[in-house]
Amino acid sequence: MIHKVDIAIIGAGPAGMSLAQSLVSGDEKTRPPSVAVIDEQKDGGGQVYRAALRQAPDLASVLGQEYQSARPWLQEASQNPDIQFYFRTSAWNIEPREDGVELALVSAGRNWRLRAKRLVLASGAMERPTPFSGWQTPGVMTMGAAQTLMKDAGLVPDQPLVLLGSGPLLYLFAKQLLQSGVSIQAVLHTGPRGLRAAAWAAFWAALPGNFSPLGKGLLWRMQLALARVPQVFNVAEVVAQPDPQDTAGGLGALRYRVGGHWHTLQTGLVLVHDGVVPNTHLAAACGCSLTWDQQQACWRPELDETGRSSQSQIWALGDGARIMGSEAARWQGVAMAPALLESLGYQPSAANLARCQEAQRRLAPLQRLRRFLDAQFPPAGAFSEISDDTQVCRCEAISAGEIRRIAGLGCSGVNQARSFTRVGMGPCMGRQCGASVAKVLAGAQGKPQSALGYFTVRLPLKPVTVGDLCALEADAPASG
Ligand SMILES: Cc1cc2nc3c(=O)[nH]c(=O)nc-3n(C[C@H](O)[C@H](O)[C@H](O)COP(=O)(O)OP(=O)(O)OC[C@H]3O[C@@H](n4cnc5c(N)ncnc54)[C@H](O)[C@@H]3O)c2cc1C
């Protein structure tokens, strides 16, 4: 039997959790009978509050006050008996139907189907890919992956490391590493030391209502300086070099260029970060129109002011809709609830409407803050000028030179590039390389990146085993 609910939400981060809570907060007349939240993590919290519900107190204090204070709220939401939770569950197929959507899900080897009248994508962000020569070398990893290991498994690097890139999360993670006793050899910033000229106006506009987050950012920068970590600014080009003595080919050195001068830093571990972009894989898979966001240089789902996509039964919010940060994701959940309820014929309660108004008010300064962050931390040139020897697709080992070669043969878009070279056909399914392939093709053909489109998404959306596929269960697993 196919399990049926009124509203299914993919993603139990701040956006998905706050939406679910708001939806079930009214009385029986004003709320839908069934709301399900699906997430592949072990419990609620998303990327930002990953493992917050089961975190050891000493690590929770390293992860910060905001992380710790989310715990009671997450606990309350997770124990709400009116929400069906399906954790350790991946959505690997979404089929839009006339009267809703049908999801194919896999939970610990159990393969099952769920039908919902409305689907909400709260699937969050992923790190912006950072291709550079040698980035496939063991010892180069993304900063987000390292932070995930810290939050989820309490693991921190046992060797000195280099941080490379830009963005507020780089400063936050530097602070978390220092507090964990990790030695940071250097921070190589792809941006300038101070505010960019283009960011000043946005900074003054963001200041009212944002003293706390801006002050926190300043504090993280001061902590880095006080720890006397060497910092280099305006890094324009990077090359990772394997250690010739290491038979496993691990990282030996990082070469980087500032202005006209190249420098070499001996290191065995580099953590790279260049901001985050919406994870649009699910939206693209279910045929929602995407739009190019010039300010954040990425694709995002095209949504109306309530969060409804071009597929009327599918909605999206949080960082998966547009990068706005965790606090905004939480308020967006509150703001979306009344319109979503109305779309199903329910009259939202007065309390829900009042909270929606409050959420709109809270979102206004956060939008100004985001405009400042976008202006101060644009995608770095160090990862945009992709050299011929850079592997743009690490799954299939396809270089930028190969993409330029097929561009010269008349390859007209990313999907044709896939047929020509197998680019985007590996385990990441193009999530990591799609933007880089489009950038290289666009550069070679003198077109804007937005003109090259994005990979058509193929099923399954997540790696599933043949065993999982064969084990199609009749009923949903128990929620919770
Ligand atoms: C690696 C990384 C680390 C970050 N760390 C921080 C941080 O420390 N502090 C901070 O302020 N911000 C951090 N951010 C930014 C932060 O993620 C967001 O601002 C915030 O979490 C957005 O909330 P959200 O609810 O929109 O999405 P998220 O919190 O990202 O939640 C999305 C959820 O969707 C689930 N999901 C996605 N696809 C599927 C699928 N197919 N099937 C099932 N479940 C799925 C994910 O498992 C995830 O739990 C980080 C971002 C990334 C990418």
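**Strand pairing and helix packing in the predicted model**

Ala104 stands opposite Arg113 in strand E6. The model analysed here is predicted. Ala104 belongs to one face of strand E5, together with Gly100, Glu102 and Val106. Val101, Leu103, Leu105 and Ser107 make up the other side of E5. In a regular strand, side chains alternate between the two faces of the sheet. Both faces of E5 are covered, and the residues on each are all buried. Strand E5 spans residues 100-107, and 8 of its 8 residues are buried, so the strand is largely enclosed by the rest of the structure.

E5 has antiparallel pairings with E4 and with E6. Strand E4 (residues 89-97) is joined to E5 by 8 bridges. Within this pairing, Ala91 has Leu105 of E5 as its bridge partner. The connection from E4 to E5 is a hairpin through 2 residues. Strand E6 (residues 110-121) pairs with E5 over 7 bridges. E5 and E6 also form a hairpin, again with 2 residues between them. Ala108 lies in that turn and has a positive phi of about 45°.

A parallel arrangement appears in an open sheet of 5 strands, ordered E8-E15-E9-E10-E11. Strand E8 (140-142) and strand E11 (231-232) stand at its edges. Each has a single partner strand, so one side of each is left without a neighbour in the sheet. Inside this order, strand E9 (residues 161-166) pairs with E10 in the parallel sense over 5 bridges. Val162 has Ala186 in E10 as its bridge partner. Strand E10 (residues 184-189) is mostly covered, with 5 of its 6 residues buried.

Helices pack on this sheet. Helix H4 (residues 143-153) touches E8, E9 and strand E15 (270-274). The direction of H4 makes about 75° with that of E8. Helix H5 (residues 168-179) lies across E9, E10 and E15. H5 runs at about 160° to E9.

A further open sheet has 3 strands in the order E12-E13-E14, with antiparallel pairing. Its edge strands are E12 (235-242) and E14 (261-266), each pairing on one side only. The twist averages 20° from one strand to the next. E12 and strand E13 (residues 251-258) are joined by 7 bridges and run antiparallel. In this pairing, the bridge partner of Val235 is Val258 of E13.

Helix-helix packing was examined for H1 and H3. The axes of helix H1 (residues 14-23) and helix H3 (residues 65-78) come within 10 Å and cross at roughly 50°. That angle makes H1 oblique to H3. The crossing is left-handed. From H1, the residues Pro14, Met17, Ser18 and Gln21 take part in the contact. They meet Trp73, Leu74, Glu76, Ala77 and Ser78 of H3. The contact residues divide into 5 nonpolar, 3 polar and 1 charged.

Leu353 provides a local view of helix H10 (residues 350-376), where this residue is placed. Its relative accessible area is 38%; because this value falls between the cut-offs of 20% for buried and 50% for exposed, Leu353 counts as partly exposed. Beyond its neighbours within four places in sequence, Leu353 is in contact with Pro338 and Pro348. Ala335 is 18 residues from Leu353 in sequence. In space, the C-alpha atoms of Leu353 and Ala335 are 8.4 Å apart.

Technical notes
Residues are numbered from 1 along each chain as its sequence is written. This is a predicted model: local features need pLDDT of at least 70, side-chain atom pairs count only at pLDDT 80 or more; totals for chains, interfaces and linings use all residues. Side-chain values use heavy atoms; hydrogens and water are left out. Axes are lines fitted to C-alpha atoms, for helices over the stretch in contact, and angles run from 0 to 180 degrees between N-to-C directions. Helices (H or I, at least four residues) and strands (E, at least two) are DSSP runs, numbered from the N terminus. Angles under 35 degrees count as roughly parallel, over 145 as roughly antiparallel, 65 to 115 as roughly perpendicular and the rest as oblique. A crossing is left-handed if the near helix is turned anticlockwise from the far one by less than a right angle, and right-handed if clockwise. Contact means heavy atoms within 4.5 Å. Ala, Val, Leu, Ile, Met, Phe, Trp, Tyr, Cys and Pro count as nonpolar, Asp, Glu, Lys and Arg as charged, and the others, Gly among them, as polar. Buried means under 20% relative accessible area, exposed over 50%, partly exposed in between (1.4 Å probe, protein chains only). Two strands pair if DSSP finds at least two bridges between them.
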